[in-house]
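Here are my notes from going through the model, in the order I'd want to talk them over. Have the structure open as you read.

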Amino acid sequence: MIIAFDFDGTLADTYSCIEEAFKRALERRYRWLPGKALWAKILAKIELQFERPSFGKHKKKGKPPFFLRTKFFETWFEERAKLTKPIDDSPELLKKLKEEGHTVISFSAEDFIDGMKVRRLKEMGIYDLFDDVIVFGRELTIDEAFKLVREKYGDDIFIWVDDKPWRFIGHGDENTEYVWYYFPFTAKFVEKNRERLALIPHLHVVRDLWSIFDVIERVKQERSV
């Protein structure tokens, strides 16, 4: 099987450190600025608005606004990467999946800064644990990224694990199984729109990443793989 993982909020908790990362970035870039703690709090609230979902909408390609592609935000991402913590011992999970013969892919959206997602995967030490790293949002749409997976790895069952299930809607194919990893921060958006989950076929919900092995066994039985 092909097992594809999102990064932020799925393999790693990159949210609880957002404010502290802004504070550190301000200290590095703007030592003269008073009230850095307050500015960090304000910037964190603004950043979290970008995480709000677009249910059922096609995620297109495109660059973020220029003010998000600055050295300051690059510094912020660097500090965020340093503060990032793996969820549910995810590095060991990836190793175990590969040991069992699965194709393991990083399948996530690009950050504001070109190439930053790859840099953050390397900072966490998991980049080399993937068979492939596919990033959408800048050069590829979600659909184009999914098509690339199919071109590379064929029509094997594709298990897509993400804490943002709104990405699932309208994407994938008949051989796709969707796994919503219930991460508290992003889950609150889903709880307000839970009826939209009915739009996702073959949906599984897990609160522990290691439950992915239960999903794999269930899919094997249901599809007689």
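Which residue in strand 8 is the bridge partner of Tyr181? It's Val206, and point 2 puts that pair in its setting.

1. Ground rules. This is a predicted model, where local features need pLDDT of at least 70 and side-chain atom pairs count only at pLDDT 80 or more, while totals for chains, interfaces and linings use all residues. Residues are numbered from 1 along each chain as its sequence is written, and side-chain values use heavy atoms, with hydrogens and water left out. Helices (H or I, at least four residues) and strands (E, at least two) are DSSP runs, numbered from the N terminus.

2. Strand 7 and its partners. Strand 7 covers residues 176–181, and six of its six residues are buried (buried is under 20% relative accessible area, exposed over 50%, partly exposed in between, with a 1.4 Å probe and protein chains only). Thr176, Tyr178 and Trp180 sit on one side, with Glu177, Val179 and Tyr181 on the other, and both faces are covered. Pairing here needs at least two DSSP bridges between two strands. Strand 6 (residues 158–162) runs parallel to strand 7 and is joined to it by five bridges; within that pairing, Ile159 has Glu177 as its bridge partner. Strand 8 (residues 203–206) is also parallel to strand 7, through four bridges.

3. The crossover. Strand 7 leads through helix 7 (residues 184–191) to strand 8 in a right-handed β-α-β unit. Right-handed here means that, with the strands pointing away from the viewer, the path from the first strand over the helix to the second runs clockwise.

4. Strand 1. What happens to the two sides of strand 1 (residues 2–5), buried or exposed? Ile2 and Ala4 point one way, Ile3 and Phe5 the other, and all are buried. Strand 1 has four bridges to strand 4, in parallel, with Ala4 partnered by Ile105. Strand 1 also pairs in the parallel sense with strand 6, again over four bridges, and there Ile3 has Ile159 as its partner. So Ile159 is worth a click: Glu177 is its bridge partner in strand 7.

5. Domains and core. The chain is divided into domain 1 (2–13 + 85–223) and domain 2 (17–83), with bounds that come from an automatic or database domain assignment. Their C-alpha centres lie 23 Å apart. The largest nonpolar core has 76 residues, and Phe107 and Ile212 touch the most other members (such a core is a set of buried Ala, Val, Leu, Ile, Met, Phe, Trp, Tyr and Cys residues joined through side-chain atoms within 4.5 Å). This core lies between the two domains because both give residues to it.

6. Around Phe107. Not counting neighbours within four places in sequence, Phe107 is in contact (heavy atoms within 4.5 Å) with residues including Ala4, Phe5, Ile134, Phe136, Phe146 and Trp160.

7. Helix 3. This helix (residues 71–83) has 13 residues and reaches 19 Å from first to last C-alpha, close to the 18 Å expected; the expected span is 1.5 Å times one less than the number of residues. Ten of its 13 residues are buried, among them Phe72, Phe73, Trp76, Phe77 and Leu83, along with Glu74, Glu79 and Arg80. Their cover includes helix 1 (18–29), helix 2 (36–49), strand 3 (85–86) and helix 5 (116–123).

8. Arg28. This residue lies in helix 1 and is partly exposed, with a relative accessible area of 41%. Beyond four places in sequence, Arg28 touches Thr75, Glu78, Glu79 and Lys82. Arg28 and Ile216 are 188 residues apart in sequence and 45 Å apart in space, C-alpha to C-alpha.

9. His102. Look in the loop between helix 4 (90–99) and strand 4 (103–109) for this one. His102 counts as buried because its relative accessibility is 9%. Leaving out neighbours within four places in sequence, His102 has contacts with Met1, Ile3, Leu97, Asp131 and Ile216.

10. Two backbone oddities to check. Asp88 is not a glycine, yet has a positive phi of about 50°; Asp89 is likewise not a glycine, with a positive phi near 55°. Asp88 is in the loop between strand 3 and helix 4, and Asp89 is found in the loop between strand 3 and helix 4. Asp88 counts as partly exposed at 27% relative accessibility, and Asp89 counts as partly exposed at 44%.
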